[in-house]
Amino acid sequence: MPELRTEEMTINMGPQHPSTHGVLRVELVLDGEIVVDAIPHIGYLHRCFEKHSESMNDYQQVIPYVDRMDYVAAMSNELGYAIAVERMLEIEVPERVEYIRVIMAELQRIASHLLAIGTYGLDIGAFTPFLHCFRDRERILEIFESACGARLLYNYIWVGGLSHDVPSNFKDKVRDFINYFPPKIKGYNDLLTYNKIFIDRTADVGVLPPEVALNYAASGPVLRGSGVDWDLRRNDPYSIYDRFEFDVVVGKGEMGTVGDCWDRYIVRVREMEQSVRIIEQAVEQMPDEGDVKAAVPKRIRPPEAEIYARTETPRGELGYYIISDGSMSPFRVKGRSPCFVNLSVLPAISRGSMIADIVAIIGSIDIVLGEIDR
Amino acid sequence: MVETLEQFLPHPLLAIIMHAALPMVIVFPYVLFAVWLERKVSAHMQDRLGPMRTGGWHGWSQTIADMIKMIQKEDIVPSRSDKFLFKFAPFLAFMGAYAAFAVIPFSSEYIGAHLDVGAFYILAVTSVVTLSILMAGWASNNKWSLLGAMRTSAQIVSYEVPTVVAVLSVIVATGTLNLMTISEMQTGTIFNWLIFSNPFLLIAFVLYFISSLAEVNRTPFDLPESESELVGGFQTEYSGMRWGMFMLTEYADMLLVSLLGSVLFFGAWNSPFGDFMSGPVWGVFWMVSKGMFFIFVMMWLRWTLPRLRVDQLMDVCWKYLIPIAFINLVLVALWEMLF
């Protein structure tokens with residue numbers, strides 16, 4: 001029989017594709033269903049956040065822009081930026097503000113992880129968990145809405161404080177949520193996490209060994225999924241995270257190899273449980289009285305300095321590198337985006353897998369294009 | 001049945017056409033209903049309501065409105081596609097699915113064609129769907145479509161083997177390929193149904209149901225059109241009513257495998273209570289109800305399970321279903337010999 005002539009096929013996945021979580025374009029080189037190479041192309045959502053920041057008249061005005069970076073975890077972005085500027089100004093924020101910030105950031109982490117695991121189920125082909133996650137995420141958004149009027153882009157955490165005080169029933173609402181939520185996690189586990197097909201699709205797929213994860217400077221659940229015990233909330237505490245007891249969840253390779261898609265997924269599920277723990281403690285300790293705007297400066301004019309402040313957002317280490325020239329507007333604001341760094345591991349871990357695995361891998365990295373492209 | 005019609009109609013040809021069109025009376029309303037039901041079932045599983053406005057009561061006319069919308073849509077044919085194949089594929093798909101209804105005994109009085117090889121005919125004619133999907137994928141001139149079409153052909157060709165072997169177990173037990181005869185053999189109460197007549201036929205039914213899920217491209221085997229990977233698989237370039245035809249085929253196929261399942265294992269048009277509620281018209285009722293039950297199970301599975309990967313799909317078929325099906329066939333035959 002004569003040898004059949006075969007060749008590789010190059011195919012574009014995205015920017016309009018249901019599973020690239022936005023406008024990511026992945027150039028796939030395929031040999032049948034096997035992926036020979038996967039090259040991510042970014043930039044379709046570039047909105048010049050960093051350049052915009054330089055022309056703001058006030059440091060406070062940058063906050064709506066950082067909201068729009070990681071638009072599914074806006075609170076965490078604001079928190080990182082506020083902390084960076086506060087360190088430059090060397091101001092102490094009131095106790096009550098710190099507690100509200102932590103509660104908000106952890107609620108945001110739960111909301112963001114809910115979206116991540118929900119859409120991950122969708123990527124694998126299970127539609128129902130996605131909507132169950134949205135149902136529960138809705139409750140968090142309601143709490144946010146009652147606090148600041150917005151559901152996604154809050155402009156809530158300001159430099160030195162908050163834009164509004166929380167409503168009087170805030171604690172009750174949060175307590176309601178932390179009572180309501182843990183049983184639902186069990187529901188997700190029954191429906192998706194321990195489903196045989198789901199495990200087959202995600203275990204041993206897209207294995208990211210710990211040393212590769214470190215070489216690529218991955219962070220957040222992607223790094224912890226590879227078994228590296230690193231969480232800025234504990235390793236480099238900011239705000240008041242050192243006052244709370246919580247475990248850092250790492251992937252253990254329960255269903256396959258350490259660092260596979262299932263590990264990255266389960267890290268997110270278990271982190272939600274830990275976030276609930278933090279919120280429980282924070283609600284108990286939170287003082288009832290206090291002016292949340294007491295420390296908000298009238299004019300922000302930091303000394304000539306530069307600073308890098310990092311926080312643990314739901315997606316990993318979000319750093320802000322801010323240079324001040326002593327004027328009212330920042331000279332340079334750079335965001336160190338966890339998604340951008342995490343996405344860079346994609347080619348390394350997807351060679352030799354199948355098309356369906358690419359979808360699983362992209363989903364398990366949990367990227368938000370708004371943050372990658374900024 | 002044709003003879004009865006001939007008495008009332010002026011021309012024998014008209015009687016034949018009417019006779020041939022009769023399953024449409026069930027298939028079209030069924031598709032409209034099933035799409036609505038799918039939306040409702042998925043909605044209630046997902047803690048939401050689904051369509052509620054169109055037509056009043058629980059959005060009952062949503063699919064009718066959708067169909068009117070689809071008919072009105074612009075008929076887009078990609079400029080660099082193979083135009084004839086592209087336009088023809090959806091109709092071929094539906095033809096394949098519809099032709100199979102000819103040998104389904106809807107009631108003790110109505111069967112499209114009294115074929116002695118009914119079961120064989122169904123298995124043969126449903127394979128046409130593969131051809132049309134391949135045609136659609138190739139003609140679209142789109143890499144995603146092509147990938148989807150390739151997957152489909154591999155999947156359907158593979159899963160035909162366990163389906164055929166499972167059907168063959170019934171044939172071994174009954175000794176006939178005529179679906180009407182198989183139905184008549186199950187007359188009586190629920191215990192006369194084939195699934196209870198032989199323990200190994202129960203296994204055959206499970207095999208049949210699993211592989212028929214793959215045959216009609218339903219979750220967890222919905223790889224051909226897996227929207228989260230291949231955008232829309234072979235349907236990517238289709239829109240409007242041509243896409244609607246594929247949808248129609250998918251639901252018609254679901255009905256077909258469900259009806260065939262109930263004919264082969266669950267007593268066809270026979271009432272489960274013996275003489276109670278039995279008769280030609282009740283027959284249609286029982287047949288459609290049994291079919292709808294399996295369709296509901298398919299929907300239930302679809303909104304619960306994730307999707308397999310293409311290699312796992314082949315593993316399930318060649319490493320598990322086919323060996324089990326063959327061993328089971330031997331066991332069915334042994335049981336029939338011994339008892």
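This is a short talk on the fold of chain A, a helix pair in chain B, and the contact between the two chains.

Hi everyone, thanks for coming. One thing up front: what you see above is a predicted model, so please hear everything I say in that light.

Let me start with chain A as a whole. It holds 15 helices and eight strands. How does its radius of gyration agree with that of a compact globule? For 374 residues, a compact globule would come out near 21 Å, and chain A has 21 Å, so the two agree. If you prefer a box, the C-alpha atoms of chain A fill one of roughly 85 × 45 × 35 Å along the principal axes. Of the 374 residues in chain A, 51% are buried. And for those of you who think in contact maps: taking contacts in chain A between residues at least 6 apart in sequence, 71% link residues at least 24 apart.

Now, zoom in on a sheet in chain A. Here three strands make an open sheet, ordered 1-2-3, with antiparallel pairing. Which strands stand at the edges? Those are strand 1 and strand 3 (34–41) of chain A; each has a single partner strand, so one side of each has no neighbour in the sheet. From one strand to the next, the twist averages 20°. Strand 2, residues 25–31 of chain A, is joined to strand 3 of chain A by seven bridges, and the two run antiparallel. If you want a spot to click on, Arg25(A) sits opposite His41(A) of strand 3.

Over to chain B, and a pair of helices. Helix 10 (residues 199–215) and helix 12 (residues 240–265) of chain B pack with their axes 11 Å apart, at an angle of about 170°. That angle makes the two helices of chain B roughly antiparallel. On the helix 10 side, the residues include Leu201(B), Phe205(B), Tyr208(B) and Phe209(B), and they meet Val257(B), Gly261(B) and Phe265(B) of helix 12. By class, this helix contact has six nonpolar, two polar and one charged residues.

Last stop: where the chains meet. How many residues does each chain give to the contact? Chain A gives 26 residues and chain B gives 22 residues. On the chain A side, the elements giving two or more residues are strand 1 (9–13), helix 4 (95–124), helix 5 (128–148), helix 7 (196–202) and helix 14 (355–365). That side of chain A divides into 14 nonpolar, seven polar and five charged residues. Strand 1 of chain A thus turns up twice in this talk: at an edge of the sheet, and among the elements that touch chain B.

That's my tour, and I'm happy to take questions.

Technical notes
Residues are numbered from 1 along each chain as its sequence is written. Chains are lettered from A and ligands numbered from 1 in the order in which they are written. This is a predicted model: local features need pLDDT of at least 70, side-chain atom pairs count only at pLDDT 80 or more; totals for chains, interfaces and linings use all residues. Two residues are in contact if their C-beta atoms, placed from the backbone, lie within 7 Å. Helices (H or I, at least four residues) and strands (E, at least two) are DSSP runs, numbered from the N terminus. Ala, Val, Leu, Ile, Met, Phe, Trp, Tyr, Cys and Pro count as nonpolar, Asp, Glu, Lys and Arg as charged, and the others, Gly among them, as polar. Two strands pair if DSSP finds at least two bridges between them. Axes are lines fitted to C-alpha atoms, for helices over the stretch in contact, and angles run from 0 to 180 degrees between N-to-C directions. The radius of gyration is taken over C-alpha atoms; the globule rule is 2.2 Å times the number of residues to the power 0.38. A residue is buried if 20 or more other C-beta atoms lie within 10 Å of its own, exposed if 12 or fewer, and partly exposed in between; C-beta atoms are placed from the backbone. Angles under 35 degrees count as roughly parallel, over 145 as roughly antiparallel, 65 to 115 as roughly perpendicular and the rest as oblique.
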